[in-house]
Amino acid sequence: MAVSSYLPDECWESIFRFIIIDDNDDDCNNNSHYLSFLSLVSKQFLSITNRLLFSLTLHDESTYCHLFKRFTNLNSLDLTGNYIDLDNLLIEISRFPLKQLTSLNLSGQPTIPTIGLRAFSQKITTLTSLTCYLIDFLNPSDLFLIAECFPLLQELDLSYPLNCKSCCSYVDGVEALSLALTRLRKVNLSGLFPINNQSLFYLFNNCKQLEEVKLFKSCHKITRVGLASALRERPTLRSLSFSGMEDDKLFSTSQFIDSLVSLKSLTCLFLHNLNISDELLYSIAREGLPLTKFVLLRCTGHSNDGIIDLLSKCQRIQHLDLRYTDFLKDQHVLELSSFLVDLVSINLSSCHKLTKSALFILVRHCPSLSKIKMENIGAKIVRNSYSLRNFGVYPQLKSLYLGYNSWLSDEIITMFASIFPNLQLLNLKDCNSISEGICEVLRKCCKIRHLNLDGCSRVKLHGMNFVVPNLEVLNLSWINVDDKTLYLISKNCCGLLKLSLKFCNGVKMKGVKHVVENCKQLRKIKGVKHVVENCKQLRKIMSDERLILLNKLIE
């Protein structure tokens with residue numbers, strides 16, 4: 001308290017930001033845990049923490065009261081846990097002055113909590129985003145309730161309901177939504193959401209500001225005429241996502257193609273598990289749609305000629321995904337790469353005719369490329385197609401996913417480390433031929449923050465006798481990890497936030513103790529609960545303070 005009175009708020013805010021986990025981290029919900037305790041210290045700390053916590057996940061009803069009293073600047077609330085009475089919880093939450101709350105997530109619940117939502121909407125009128133993903137029973141009346149209670153919604157997710165009535169039962173509800181939600185920009189009706197031609201037309205015709213539509217695996221009642229008609233009603237659409245439909249040839253028809261290319265503002269097109277045609281790709285190319293993201297995932301019926309034609313005319317693409325394109329070969333990648341000057345990320349996983357040469361081609365010809373996913377690609381490697389002497393250094397690449405490639409060897413990953421010195425994320429999951437070479441990668445790529453070695457059964461880290469200053473996330477699941485390995489990690493990876501040791505043979509309490517004592521910033525350690533519980537001399541090995549910390553880390 002004495003120290004806090006001498007430091008300005010800006011200093012404390014910087015300290016608190018260092019203490020809590022970064023907002024982009026998977027464990028950002030733990031922020032409320034840390035900030036809640038800090039807010040109890042003083043009024044100054046309460047004021048500062050209230051400025052830092054914007055998103056809150058509530059796991060049960062027992063802790064909500066004090067949190068909502070302290071943190072009134074929340075703009076996002078996640079209620080996806082198991083609750084005794086969600087209706088009552090929403091009623092209680094509505095009594096707090098959450099005037100900036102804009103996002104509510106109710107996913108995974110048995111039903112839509114109608115009584116609670118109605119009370120909630122009467123007090124909290126600022127909601128612009130509602131997510132109700134994976135609801136067990138979605139009733140037609142729920143759509144009318146949402147339309148009545150939240151007229152300011154800009155984003156709505158009703159995807160993957162588990163049990164619904166017939167499509168006809170929901171037509172009026174979808175119409176009510178489309179008429180009430182005049183500001184709706186994004187909607188996700190994927191999964192088994194009951195939608196037909198009439199519902200789709202209402203949605204596209206009435207929602208004048210609609211920009212993004214996702215309809216994955218939910219279009220079995222939509223016909224080629226219905227889809228084409230709906231698309232023509234919303235020419236300002238910017239993002240469109242579809243997958244597997246009952247009418248397998250729908251996306252090859254002239255009706256659909258003409259409607260699609262009329263979307264002159266379309267920047268994102270995601271097609272999954274569909275039978276398309278080269279004519280569709282040629283038509284997109286002729287119109288020169290301003291695509292920046294293009295995904296063809298598990299699609300059939302087209303050829304490399306169609307892809308090349310599209311990419312040659314749509315050269316603004318920054319994100320490209322061609323997973324499971326069986327005909328794609330290295331020479332095709334060489335041809336298409338010349339059109340991808342703005343490419344930032346690419347996913348060519350499960351393109352089984354590609355080799356590592358395709359990776360070299362991409363980094364050489366795509367100067368902005370920072371993220372590559374080439375997992376589970378061809379096992380037959382052309383050994384002499386490219387060698388290290390053919391290449392310089394490509395510092396732009398930051399993330400590399402090469403999982404499930406059994407052909408990856410120590411020699412190859414060491415070569416990658418020399419070529420890509422600025423890697424921050426490296427995923428080598430289930431690459432079983434890698435062993436000591438990973439230490440050379442860590443030595444050369446000193447900026448690595450995230451390393452996934454899950455399932456790399458031959459990996460050995462005994463040669464890691466140097467500091468790895470930036471490593472924050474390390475996954476060693478299914479690897480033989482001994483005390484010496486954990487000692488080296490604890491000494492040389494002091495900035496570690498997460499460590500996964502799931503199903504690791506050889507982990508003992510001595511090694512765990514090294515990690516807990518030396519990795520001061522550690523937030524979570526997985527896979528060691530059984531080691532801790534089976535240690536009979538635990539209190540002799542660790543102090544009470546360290547035991548308390550360990551128990552928090554393994555939860």
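Guide: Welcome! A salt bridge is a side-chain nitrogen of Lys or Arg within 4 Å of a carboxyl oxygen of Asp or Glu. Please keep in mind that this is a predicted model.

Visitor: What makes Lys 429 and Asp 454 a salt bridge?

Guide: Their closest N and O atoms are 2.8 Å apart, and the limit is 4 Å, so the pair qualifies.

Visitor: Where do these two residues, Lys 429 and Asp 454, lie?

Guide: Lys 429 sits in the loop between β15 and α17, and Asp 454 in the loop between β16 and β17, so their bridge ties together parts that are 25 residues apart in sequence.

Visitor: Why is Asp 454 called buried?

Guide: Its relative accessible area is 12%. Buried means under 20%, so Asp 454 belongs in that class.

Visitor: And is Lys 429 buried or partly exposed?

Guide: Lys 429 has a relative accessible area of 21%. Partly exposed covers the range between 20% and 50%, so Lys 429 is partly exposed.

Visitor: How many salt bridges does a search of the whole structure find?

Guide: The search finds 13. One of them joins the side chains of Arg 118 and Glu 148, with 2.8 Å from N to O. Arg 118 is in helix α6 and Glu 148 in helix α7, 30 residues apart, and the pair links distant parts of the chain.

Visitor: Why does Glu 148 count as exposed?

Guide: Exposed means over 50% relative accessible area. Glu 148 has 54%, so the word fits. Its partner Arg 118, at 34%, counts as partly exposed.

Visitor: How do you know that Glu 440 and Arg 443 form a salt bridge?

Guide: Their side chains meet at 3.7 Å, N to O, and the cut-off is 4 Å, so this pair qualifies too. Both residues lie in helix α17, three residues apart, which is about one turn of the helix.

Visitor: Which residues are linked in a network of salt bridges?

Guide: Glu 155, Arg 185 and Glu 211 are linked in such a network.

Visitor: What makes the nonpolar surface patch of about 250 Å²?

Guide: Tyr 133, Leu 134 and Leu 162 make it. Patch residues need over 30% relative accessible area. Tyr 133 has 36%, so this residue passes that cut-off. Tyr 133 lies in the loop between β4 and α7.

Visitor: Which residues of helix α10 are buried?

Guide: They are Gly 226, Leu 227, Ala 228, Ala 230 and Leu 231. The buried residues of α10 pack against α9, β8 and α11.

Terms used
Residues numbered from 1 in each chain as written. Predicted model: local features only at pLDDT ≥ 70, side-chain atom pairs only at ≥ 80, totals over all residues. Heavy atoms only, no water. Buried < 20%, exposed > 50% of the residue type's maximum accessible area, 1.4 Å probe, protein only. Helix = DSSP H or I, 4+ residues; strand = E, 2+ residues; numbered from the N terminus. Contact = heavy atoms within 4.5 Å. Patch = residues over 30% accessible without salt bridge, like charges linked within 9 Å, V, L, I, M, F, W, Y side chains within 5 Å. Areas by Shrake-Rupley, 256 points an atom, 1.4 Å probe, with all protein chains shown as cover.
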